[in-house]
Amino acid sequence: MSTVRAKKHLGQHFLNDKNAAQKIVEALDPKLGFSQVLEVGPGMGVLSDFLLQKEEYETYLIDVDEESIAYLDDKYPQLGKRLIHGDFLNLDFSQYFGEKMAVIGNFPYNISSQILFKILDERQRVVQMTGMFQKEVAERCTAKAGSKEYGILSVFLQAYYKVEYLFTVKAGAFNPPPKVLSGVIRMTRNERDQLACDEKLFWRVVKAGFNQRRKTLRNSLSGVVPKDKMSDNPLYELRAERLTVDDFVGLTNEIANSL
């Protein structure tokens, strides 16, 4: 099999810029203690070629595309069970990975948010992620409080990870070229084991705040906590995009005590 046909319904845009591929792989830091790396959606293996040269960790590949799996099985016969035919979003990490691992990929843009939330679900295991997303999504992940890009995804990811924007990749680096620019980010687990608040209530507060982001929190959070139970905390007079992760944690604790 000489090539794999890119499938629109799978959001496939195969990276063919080897310099960009090498930079993505080199952004991983094995000194964090992981010995396993999972590449999501390897396609024809442009990232895999560099990953499999590394002796610091074992590389696993997962792809939902049967054609890609057949191609990769032929290209990398040494992988064996480390070549996984399946859906990353439904993967049981405990079947393959130990306590510390990393995730890497040129991720399908049509399921970017689901991929990031899956990594969040596995945050106790995934100590680092380096990957390519649509530039707009990459900017949302790394946005700081006060910017228009800052939103639910920014807060949730930055609660548990240090998130860095590494570089931009132009459409011509892909086959077929996407209609957008792409951005590479790196997420490295921070020291928070868990939030210093009720995490389920934290999710509710953040989502409610950004779902009506043009309103102040005193109005947007009225479905979470009645207005007559809100204090005179000045955070209530701000829009959600002005609050840092720590601000949301503090507000969540105040709301929990008032309910």
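**View A. Gly 41 is partly exposed, with a relative accessibility of 25%.** The model shown here is predicted, and for this reason local features need a pLDDT of at least 70 and side-chain atom pairs count only at pLDDT 80 or more, whereas totals for chains, interfaces and linings use all residues. Residues are numbered from 1 along each chain as its sequence is written, and side-chain values use heavy atoms, with hydrogens and water left out. In the terms used for accessibility, buried means under 20% relative accessible area, exposed means over 50%, and partly exposed covers what lies in between, with a 1.4 Å probe and protein chains only. Gly 41 sits in the loop that joins β2 (36-40) to α2 (46-51), where helices (H or I, at least four residues) and strands (E, at least two) are DSSP runs numbered from the N terminus. Not counting residues up to four places away in sequence, Gly 41 touches Ile 62, Asp 63 and Asn 106, a contact being heavy atoms within 4.5 Å.

**View B. Asp 63, a residue of strand β3 (residues 58-63), is listed by UniProt under "binding site" in an unreviewed entry.** The relative accessible area of Asp 63 is 5%, which means that this residue is buried. The same UniProt list contains His 13, Leu 15, Gly 41, Asp 63, Asp 87 and Asn 106. UniProt positions are given in the numbering used here, feature names are shortened, and annotations may be inferred rather than shown by experiment.

**View C. Helices α4 (residues 112-121) and α6 (residues 152-160) pack with their axes coming within 11 Å.** The two axes cross at roughly 30°, and α4 and α6 are therefore roughly parallel to each other. Axes are lines fitted to C-alpha atoms, for helices over the stretch in contact, and the angles run from 0 to 180 degrees between N-to-C directions. Angles under 35 degrees count as roughly parallel, those over 145 as roughly antiparallel, those from 65 to 115 as roughly perpendicular, and the rest as oblique. The crossing of α4 and α6 is left-handed, a term for a near helix turned anticlockwise from the far one by less than a right angle, while a clockwise turn is called right-handed. On the α4 side the residues of the contact are Ser 113, Leu 116, Phe 117 and Leu 120, and they meet Leu 153, Phe 156, Leu 157 and Tyr 160 of α6. These residues divide into 7 nonpolar, 1 polar and no charged. Here Ala, Val, Leu, Ile, Met, Phe, Trp, Tyr, Cys and Pro count as nonpolar, Asp, Glu, Lys and Arg as charged, and the others, Gly among them, as polar. An α-helix has 3.6 residues a turn, so residues three or four places apart point the same way.

**View D. Leu 116 in helix α4 is buried, at 0% relative accessibility.** Leaving aside neighbours within four places in sequence, Leu 116 is in contact with Met 129, Phe 133, Val 137, Cys 141, Leu 153, Leu 157 and Met 187. The C-alpha atoms of Leu 116 and Arg 140, which are 24 residues apart along the chain, are separated by 12 Å.

**View E. Helix α6 is mostly covered, since 8 of its 9 residues are buried.** The cover over the buried residues of α6 includes α4, α5 (135-142), β7 (161-169), β9 (182-189), α7 (199-211) and α9 (245-258). With α7, helix α6 packs at an angle of about 150°, and their axes are 9 Å apart. That angle makes α6 roughly antiparallel to α7, and the crossing of these two helices is right-handed. Ile 152, Val 155, Phe 156 and Tyr 160 of α6 meet residues of α7, among them Glu 199, Phe 202 and Trp 203. The residues of this contact divide into 8 nonpolar, 1 polar and 2 charged.

**View F. Arg 123 lies in the loop between α4 and β6 (126-134).** With a relative accessibility of 15%, Arg 123 counts as buried. Apart from neighbours within four places in sequence, Arg 123 is in contact with Tyr 160, Tyr 161, Arg 189 and Glu 199.

**View G. The peptide bond from Asn 175 to Pro 176 is cis, with omega near -10°.** Pro 176 has its place in the loop between β8 (174-175) and β9.

**View H. Lys 31, in the loop between α1 (18-26) and β2, is exposed, with a relative accessible area of 76%.** Lys 31 and Gln 78 are 47 residues apart in sequence, and from C-alpha to C-alpha they are 25 Å apart in space.
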